[in-house]
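Please open the structure in the viewer and keep the sequence panel visible. The tour below proceeds by selection, with a short account of what is found at each stop.

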Amino acid sequence: MQPTPDFSASSMAKSLLRRSRQGALATLMVNSGDPYCSLVNVSANPDAAPLLLISRLAIHTQNILADSRVSLMLDERVTGDPLEGARIMVAGRAEELSGEAAALARRRYLAAHPSAEGFADFKDFAFFRIAPSGLHLVAGFGRIVDLEPAKFLTDLSDAAGLLEAEASAVEHMNQDHLEAMNLYATRLLGSDAGDWRCTGCDPEGMDLQADNRTLRLEFPERVRTGAELRQMLVRLAGEARAKQ
């Protein structure tokens, strides 16, 4: 089916990748190759690729270490009939992270799942990034689309300055600008008030979370450095305050 003219498959896919916190992970059983599915918590890398924190004692991790091919189902978690909401299936390979990549994954994952801090450093746990090979989106009648990675992953090639500044920017926003994030959520995104906090920034937007609610604040223009991020957040805060 072809998407309707007013529908952006890329935007929907990117939003689900950024906002999802749980998903169904499919792996291949060691030896038999039979399909195996499990529920996992997820967060997003700066490029929107899914991040996992999983134990080597778990069957799905043992499967991944033997054959890294996986698929991950994420959905909108709408009330009522879940089939009425959008969902995506991301296919790819799960790669164990180390060094700086693991440190980045740890920071972003714990921002989304703070309760995981109690076991994130256990020796049997490790962070994995799903390197996508493709994505299948189902978002209703006329909205079933297959996407290549370039259509749903965020290009980071010109954003080294932003990535370097992200950790301090997130900490600064959560310590000193909770009012601004509440304004983003309520006046720009139409959500209810809450303890909205920043869980991550990337060239295309900011991720917000309050309890089990998540939002995606899209930037009107791409940002590439810490200075551009600050200017954008000040600008959006001004727009939010001016909006009644």
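**Helix α5 and its surroundings**

The buried residues of α5 are covered by elements that include α4 (160–176), β9 (197–202), β10 (205–210), β11 (213–218) and α6 (226–242). The model is a predicted one. Select residues 178–188 to display α5 itself; the buried positions in this helix are A180, M181, L183, Y184 and A185. Continue past the helix to G190, which follows α5 and has a positive phi, near 70°.

Next, select N174, which is located in helix α4. Is this residue buried or exposed? N174 counts as buried because its relative accessible area is 13%, and the cut-off for that class is under 20%. Now display its contacts, leaving aside neighbours within four places in sequence: N174 touches M181, R197 and C198. Of these contacts, M181 is among the buried residues of α5.

**The β7–β8 hairpin**

Move to residues 125–138, strand β7, and add β8: the two strands pair in the antiparallel sense over four bridges. One bridge to select joins L137 to V145 in β8. Five residues lie between the strands of this hairpin, and in the turn G140 has a positive phi of about 110°.

Finally, restrict the selection to residues 144–147, strand β8. Which residues make up its covered face? They are V145 and L147, whereas I144 and D146 form the uncovered face. In a regular strand, side chains alternate between the two faces of the sheet.

Terms used:
Residues are numbered from 1 along each chain as its sequence is written. This is a predicted model: local features need pLDDT of at least 70, side-chain atom pairs count only at pLDDT 80 or more; totals for chains, interfaces and linings use all residues. Side-chain values use heavy atoms; hydrogens and water are left out. Buried means under 20% relative accessible area, exposed over 50%, partly exposed in between (1.4 Å probe, protein chains only). Contact means heavy atoms within 4.5 Å. Two strands pair if DSSP finds at least two bridges between them.
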